[in-house]
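Trainee: I'd like a close look at one part of this model, the interface. Could you walk me through it and then through what lies behind it?

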Number of protein chains: 2
Amino acid sequence: MGQEIKRTDVNELGEFGLIRHLTSKFPIKNASTKKGIGDDAAVIDNGDKLTVISTDTLVEGIHFDMVYTPLKHLGYKAVVVNLSDIYAMNAKPRQITVSIALSNRYSVEALEELYDGIRTACEWYGVDLIGGDTTSSPKGLYISVTAIGQGEKDKLVYRDGANVGDILCCTGNFGSAYLGLQILEREKQLYLDNPKIKPDLEDAQYMIERQLKPEARKDFVEQFFPKAGLVPTSMIDVSDGLASELFHICTSSGVGAILEENGVSIHPKAEELAIKFNLDPITCALSGGEDYELLFTVKPEDLEKVRYMPDIYLCGEIIPAEEGVKLHTKGGNIHPLQAQGWQHFQS
Amino acid sequence: MGQEIKRTDVNELGEFGLIRHLTSKFPIKNASTKKGIGDDAAVIDNGDKLTVISTDTLVEGIHFDMVYTPLKHLGYKAVVVNLSDIYAMNAKPRQITVSIALSNRYSVEALEELYDGIRTACEWYGVDLIGGDTTSSPKGLYISVTAIGQGEKDKLVYRDGANVGDILCCTGNFGSAYLGLQILEREKQLYLDNPKIKPDLEDAQYMIERQLKPEARKDFVEQFFPKAGLVPTSMIDVSDGLASELFHICTSSGVGAILEENGVSIHPKAEELAIKFNLDPITCALSGGEDYELLFTVKPEDLEKVRYMPDIYLCGEIIPAEEGVKLHTKGGNIHPLQAQGWQHFQS
């Protein structure tokens with residue numbers, strides 16, 4: 001109830017700045033805490049294996065819109081976005097806890113649908129739901145998931161291990177989830193203007209699925225990497241946009257990077273849709289976010305290990321920090337890359 | 001977006017019924033998951049030691065009222081209520097993650113105050129903040145904390161280990177936090193009716209502190225138990241009210257219990273305040289909740305180990321399930337105990 005003398009708006013710092021600012025004064029006290037804030041997940045040393053922990057919250061009206069989000073998909077997505085963080089450490093997710101706060105406008109049947117999605121994700125990814133709580137909220141739905149994974153000591157991959165000369169790789173394609181969101185938002189507006197209109201989503205199924213029901217790259221971490229005997233030097237999952245994640249790797253590792261536009265895959269349907277929306281496809285791919293693909297670096301001598309992996313793209317190289325983070329466009333130009341992640345706090 | 005045919009109100013099932021209902025179809029798949037839903041915390045086997053995980057969410061307007069809750073206290077409490085769950089497993093909390101969703105009516109300075117309380121709790125209890133996220137919310141403040149602890153394989157204590165003949169013990173006193181809430185609510189009403197009125201809180205400092213800034217029983221788990229070489233047979237922390245927690249132990253262990261009113265300590269100031277409010281002090285103690293004391297059972301042969309511990313009360317005995325869960329009043333009557341926990345979903 002104390003008086004506030006100074007009032008700084010949360011927007012002024014931005015999401016990452018805010019977390020850095022708030023958590024800067026928390027020293028690590030326990031020997032078992034191997035890694036705290038600042039990577040995809042925290043790491044706890046339990047003797048034999050390492051425990052990896054990640055937590056993420058989805059908020060109605062901020063991260064999802066109930067008008068076009070089926071609850072089953074929402075439950076699935078809330079789990080997947082957390083598992084993606086565990087995979088980004090090259091660890092295997094094992095358990096999750098789920099905390100839900102919801103207003104009484106949600107029925108038990110609605111909650112069942114949500115848990116149905118959570119269960120489907122648990123089954124597909126082989127994780128156990130081990131706890132959580134359900135409480136009421138004055139307004140809206142909040143889902144906070146904590147994922148717990150297991151990793152081997154010599155195989156965990158952080159953001160800070162990229163070295164000059166390393167090859168930059170990414171999985172899958174980019175921009176589709178963002179374009180899926182654009183089309184859902186457009187259809188919502190059309191529907192609100194005229195509830196009788198029939199939504200035209202035929203050409204957009206792939207993008208809508210990427211937005212509403214994303215998948216984490218279990219295949220790379222549990223199959224392709226171990227089969228090839230590969231341990232990336234650094235890795236991050238792409239939740240906030242490819243460019244923004246590349247900046248995280250570069251800042252943590254103290255390096256620069258050159259990203260090849262040629263190596264950034266965009267789904268043909270997404271490209272079509274972007275153009276239809278008057279958006280630049282590569283901008284959607286670089287800044288769109290919510291792709292949940294993996295961005296990682298490998299040593300030059302590991303090139304042969306990655307070259308023939310399915311659904312992988314070699315998309316650049318790590319360069320000295322002084323040279324910055326740059327984009328080499330298809331047209332042959334080189335210019336500084338812009339990092340534009342999700343800005344939840346900006347209205 | 002599917003049609004809802006049946007609509008069951010969340011209130012119909014109650015908080016525990018709801019969680020049971022929603023999580024009943026989640027089989028455990030990983031060998032490392034030693035204990036899932038249904039105790040104070042989940043347990044993961046990491047080889048040498050066990051990892052214990054608990055998560056809890058505090059919601060503005062449901063669990064706290066910003067009119068009388070200083071943000072620093074709120075941050076402290078959000079951590080403590082989770083640590084209490086870890087201690088209730090006879091484990092030591094080591095790390096926490098904190099997820100916050102908040103509306104833009106909160107400033108950075110307000111968040112700093114909140115984190116100040118989180119840090120104070122981390123320092124006092126020796127835990128590390130290792131992750132979490134901060135996101136915006138359309139309305140209100142949500143704090144979800146996950147606590148991670150470490151326990152030894154032969155020393156972890158569950159709810160289900162109570163046996164007939166065991167002695168029932170509890171730490172500290174009960175009902176104060178509930179009465180603290182009553183006085184804060186009363187003063188809020190008086191203030192709203194007439195903002196010029198000066199709050200009269202002199203006699204209620206202790207109860208208000210128990211409500212706004214509770215403590216977890218680190219002393220028992222980290223000092224008294226190991227010093228006495230004691231491992232309780234079952235244990236739970238009292239968040240929902242002493243009676244409700246006793247029912248949890250009895251249901252999980254398949255036993256009954258007789259609770260001695262004489263063994264339930266009530267602070268003299270709390271007793272005074274209850275009477276002033278026309279409330280029955282023992283009802284406040286049994287059903288009030290938020291005391292964060294420990295309720296546990298010990299083997300009869302361990303009586304000497306607990307008898308001289310500080311701030312401990314022998315409060316009954318475990319009896320066969322058929323005999324039920326009963327209260328032996330100071331007046332010498334024996335009657336069935338009523339379990340009345342917090343009913344967040346009831347309006």
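Mentor: Happy to. Of the interface residues of chain B, 99% are also interface residues in chain A, so the copies meet through the same surface. A contact here means that the C-beta atoms of two residues, placed from the backbone, lie within 7 Å. Do keep in mind that this is a predicted model, in which local features need pLDDT of at least 70 and side-chain atom pairs count only at pLDDT 80 or more, while totals for chains, interfaces and linings use all residues. Residues are numbered from 1 along each chain as its sequence is written, and chains are lettered from A and ligands numbered from 1 in the order in which they are written.

In the contact, chain B brings 77 residues and chain A brings 76. On the chain B side, at least two residues each come from helix 1 (14–23), strand 2 (42–45), strand 3 (50–59), strand 4 (92–102), helix 3 (108–125), strand 5 (128–136) and strand 6 (141–151) of chain B. Helices (H or I, at least four residues) and strands (E, at least two) are DSSP runs, numbered from the N terminus. Strand 5 of chain B gives the largest share of that side, 9 residues. Sorted by class, the side of chain B that touches chain A holds 29 nonpolar, 31 polar and 17 charged residues; Ala, Val, Leu, Ile, Met, Phe, Trp, Tyr, Cys and Pro count as nonpolar, Asp, Glu, Lys and Arg as charged, and the others, Gly among them, as polar.

How are the copies placed? A turn of 180 degrees and a shift of 0.0 Å along the axis lay chain B on chain A with an RMSD of 0.0 Å, the superposition being a least-squares one on the C-alpha atoms of residues with pLDDT of at least 70 in both copies. The two copies are thus related as by a two-fold rotation axis. Within chain B, the C-alpha nearest this axis belongs to B:N46, at 3.1 Å.

Strand 5, which gives the largest share of the chain B side, is part of an open, mixed sheet of 6 strands in chain B, ordered 1-2-3-6-4-5. Strand 1 (33–35) and strand 5 of chain B are the edges; each has a single partner strand, so one side of each is left without a neighbour in the sheet. Strands pair if DSSP finds at least two bridges between them. On average, neighbouring strands of this sheet are turned by 20 degrees against each other, direction ignored. Inside the sheet, 10 bridges join strand 4 and strand 6 of chain B in the antiparallel sense, and B:V98 faces B:V145 of strand 6 of chain B. Helix 2 of chain B packs on this sheet and touches strand 3, strand 4 and strand 6 of chain B, its direction making about 30 degrees with that of strand 6; axes are lines fitted to C-alpha atoms, for helices over the stretch in contact, and angles run from 0 to 180 degrees between N-to-C directions.

Helix 2 (71–87) of chain B also meets helix 5 (205–212): the buried residues of helix 5 pack against helix 2, helix 4 (176–193) and helix 8 (268–276) of chain B. Those buried residues are B:M207, B:I208, B:R210, B:Q211 and B:L212, where buried means 20 or more other C-beta atoms within 10 Å of the residue's own, exposed means 12 or fewer, and partly exposed lies in between.

Chain A lets us view helix 2 by domain. An automatic or database domain assignment splits chain A into domain 1 (18–151) and domain 2 (159–336). Their C-alpha centres are 22 Å apart, and 19 residues of domain 1 are in contact with 21 residues of domain 2. On the domain 1 side, helix 2 of chain A gives the most, with 9 residues. That side has 9 nonpolar, 4 polar and 6 charged residues. In the loop between strand 3 and helix 2 of chain A you will find A:H63, which is buried, with 22 other C-beta atoms within 10 Å.

Back in chain B there is another open sheet, with 7 strands in the order 8-10-7-11-9-12-13 and mixed pairing. Its edge strands, strand 8 (234–237) and strand 13 (334–336) of chain B, each pair on one side only. Neighbouring strands here are turned by 25 degrees against each other on average, direction ignored. Strand 9 (256–260) and strand 12 (325–328) of chain B run parallel and share 4 bridges, with B:L259 opposite B:L327 of strand 12.
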